[in-house]
Structure formats: structure tokens, C-alpha cells
Amino acid sequence: MNPGPQIVFYLFGKDYLPITDTLMVGWLTVVIILILAKYLTSKMSIRPNGKQNVAEFIVELIHGQIEPMLPNEGWRFLPFIATIFIYIGFSNLISLIPGLASPTGDLNTTLGLALTVFLVVQYEGMREYGVWGYIKSFAEPVIFLLPINVIGELAKPISHSFRLFGNVVGGGIIITLVYQAAPALIPVPLHAWFGFFVGLIQALIFGMIAIAYISVAKS
Amino acid sequence: MVNINTTMIWQLINFFVLLFLLKKFLYSPVKNMLEQRAAQINGDLDAAEAEKEKVEELKAEYEQKLRNARNEAQKIVDNAETRANKKAKDIISEAETKAENIKEKKLAEIEQAKKEAVSELRDSIADYTILATNKLIQEQLDKEKHQVMINQFIDGLDKEKLGELQ
């Protein structure tokens, strides 16, 4: 047993261009999300119908999470944060289909996203206080705290990415083990638990933490 | 298990492509729709408020008109009632006068008829007395004959005239 991403093939036969199963499932996830989004927002009208209500509900739900922490900037951050919620949420849920590896079970995905969040946080901090003002804020309240603050800041993407990665991979390993031990009985509810609840909760946590980091950098 | 490689770049491409396309297909349309709806609802609410004010004004106006009309109607009814009462009183008094006149006329007529009847009766009695007296005078008779004659007269009277007199 070898948990984690499996390399399916090498692009152009180059060793440094591996295509993993998690990446292929990631593409599948993107396609599914886009088809769903296109379907939900087709033929929109002022008086919403069933599927339009779903689209509006999702967008407003996410907007409702951003707005209290980043007042008046809900719509500005919505595309970034909502894409995190939706992509990670669907990536976690897709592992409910047996045989598909969750893209978030690959550290490349979670670390990539966490680093993107990290860059956005730095950008927003500098945008709010100016480059020098933001850098200076690491030396506050006293200069001795500068290394600790810097380490704390650099640790953010690590903890951010490993939290999601660990939860998903851990859930996957447990499910795999239980499948081997009791193939018919327990795995179904357990699989649903890890896929559905843990998946959605981890997506929510990842997104909320991203909002919190941006909010902290701006305050 | 933990292996950093080009998958990270691929996944970031995935993420940003998804971000771009979702913005185009989901966020922007939904946001536009929400804003459009908010604008429309605001407009509708404003319009409704204006409409409501107008309705209030119209209502006050119509109520005033209705009150006026009601007063007018009341006045007309009162007027008509007064006039009707007056007319009724006039008619009654006229009728009473007429009835009084008729009554007096009839009483006078009755009085007249009574007088006429009495005088007629008196004439008749006088006639009969004269007749009886003539008969007495025509026949110079003794006491017995006198008696017989009176009796005869009375008998005759009984037979001939009693019915009439009675």
C-alpha cells in the first residue's frame, strides 16, 4: 500500500513532468464544477427559478462568510475565496466516488493554494499599510519579536496546507485500512463521514482561515 | 507520500483557470443579478411609496367629497321633509275646513227639512181641524146626534186617516 498521489504517466516522457492521479482528478473536478456553474447560471432572470436559487445561495453564503471579517470588501475577495471553497469542497467530495483520489490528498495542491493565500495576504498587508509600513509591523510591539513574527508568518502556509492535506490523507488511509479489515460493512458510513463531513468541514476551515489571514494582515 | 513536484504548478493553473472561469460564469452573473434585483426592488419600493402617498391624498380628497355629498344629501332630505310636513299640514287643515263646511251645510239642510216637516204637519192638522169643524157646523144637531157624529167622525178618521197619520 502506497498512500498519496500515484504517478500515472510522464508528460512527453520527461521525468520532471509527472502526471499524477490527483492531478487528473483535479482536472475532472474543474470540469465538473464548470459544467455545474454553467448549468446553474443559464437563463437567469430577476425572478429566480430553482437552479438559479442554488447558484445565488452558494454565492451569497460565501459572501456572507467574507463580509463580516473583511467589511465592504466581500465582493472584491469573493472570486478568490469562493474558488477556494468550491475547488477544495468538490475535491474532497469527489473522493466519495470509489477509485478517485482526492486532489487535496496531494500536498502539491494544498501547499500551492496555501502559498497563493500567503502571497495574497502579503499583498493585502502592503496595500493597506504600504510596503515599509507592513514590514515594520513585524517588529511590533518590540524589535525582539521580529524573528518570531517572521517565523509565525512563514509557518502560516505550512500549517494551512498540512491541516487540509493531513485530514484528507488521514481519512483516506483510515478508509483504506477499514476496507481491508471489514470490506462490506463499516466502510460505507465511514467513507461518507470522511468524504462528506470531513471534506466539507475542511474546505470550510481552509477558506475561513484564508479569510482570517487576510483580515489579520489588514487590521 | 509527500513529494513536491510540478503537480503544484498544474494545480495552481487549475485553480486560476477555475477562478477566472467561475468569475465569468458564476460570480459575475450572480452578483449582477443580485444587484439588478436590489435596484429593481428599491425602485419598486420607491414607486410603491410614491403610489401610496398619492393614494392617501386621493383617499383624503374622496373622503372630503363624500362628506360634502353626505351633508348635501342630508340637507336635501331635511328640506324635503320640512316641505312634506308643511304640505301635509296644509292638506289636513284644508280637509278639516272642508269637512266642517260640509257638516255645517248638512246640519242647516237638516234644520231646514225639520222646519219644513213641522210646518207641513201643522198645515195638515189645521186642514183636518177645519174639515172637522166644517162638518160640525154643517150639521146642526142635538146632543145625541152630536155624539153620534163625533163618534162617526172618529171612526171614519180611524178607518181613513189613521194609517196615514201613523
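**Nonpolar core and chain contact in the predicted model**

In this predicted model, A:I81 touches A:I62, A:I66, A:G207, A:A210 and A:I211, residues up to four places away in sequence being left out, where two residues are taken to be in contact if their C-beta atoms, placed from the backbone, lie within 7 Å. Local features need pLDDT of at least 70 and side-chain atom pairs count only at pLDDT 80 or more, while totals for chains, interfaces and linings use all residues. Residues are numbered from 1 along each chain as its sequence is written, and chains are lettered from A in the order in which they are written.

The largest nonpolar core (a set of buried Ala, Val, Leu, Ile, Met, Phe, Trp, Tyr and Cys residues joined through C-beta atoms within 7 Å; buried denotes 20 or more other C-beta atoms within 10 Å of the residue's own, these atoms being placed from the backbone) has 48 residues, of which A:I81 and A:I84 touch the most other members. Two or more residues each are given to this core by α1 (21–40), α2 (50–69), α3 (74–93), α4 (107–129), α6 (146–181) and α7 (187–218) of chain A and by α1 (7–138) of chain B, helices being DSSP runs of H or I of at least four residues and strands runs of E of at least two, numbered from the N terminus. The most, 11 residues, comes from α3(A).

The contact between the chains takes 39 residues from chain A and 29 residues from chain B. On the side of chain A that touches chain B, β2 (18–20), α1, α2, α3 and α4 of chain A give two or more residues, and α1(A) provides the largest share, 9 residues.

How values were computed: A residue is buried if 20 or more other C-beta atoms lie within 10 Å of its own, exposed if 12 or fewer, and partly exposed in between; C-beta atoms are placed from the backbone.
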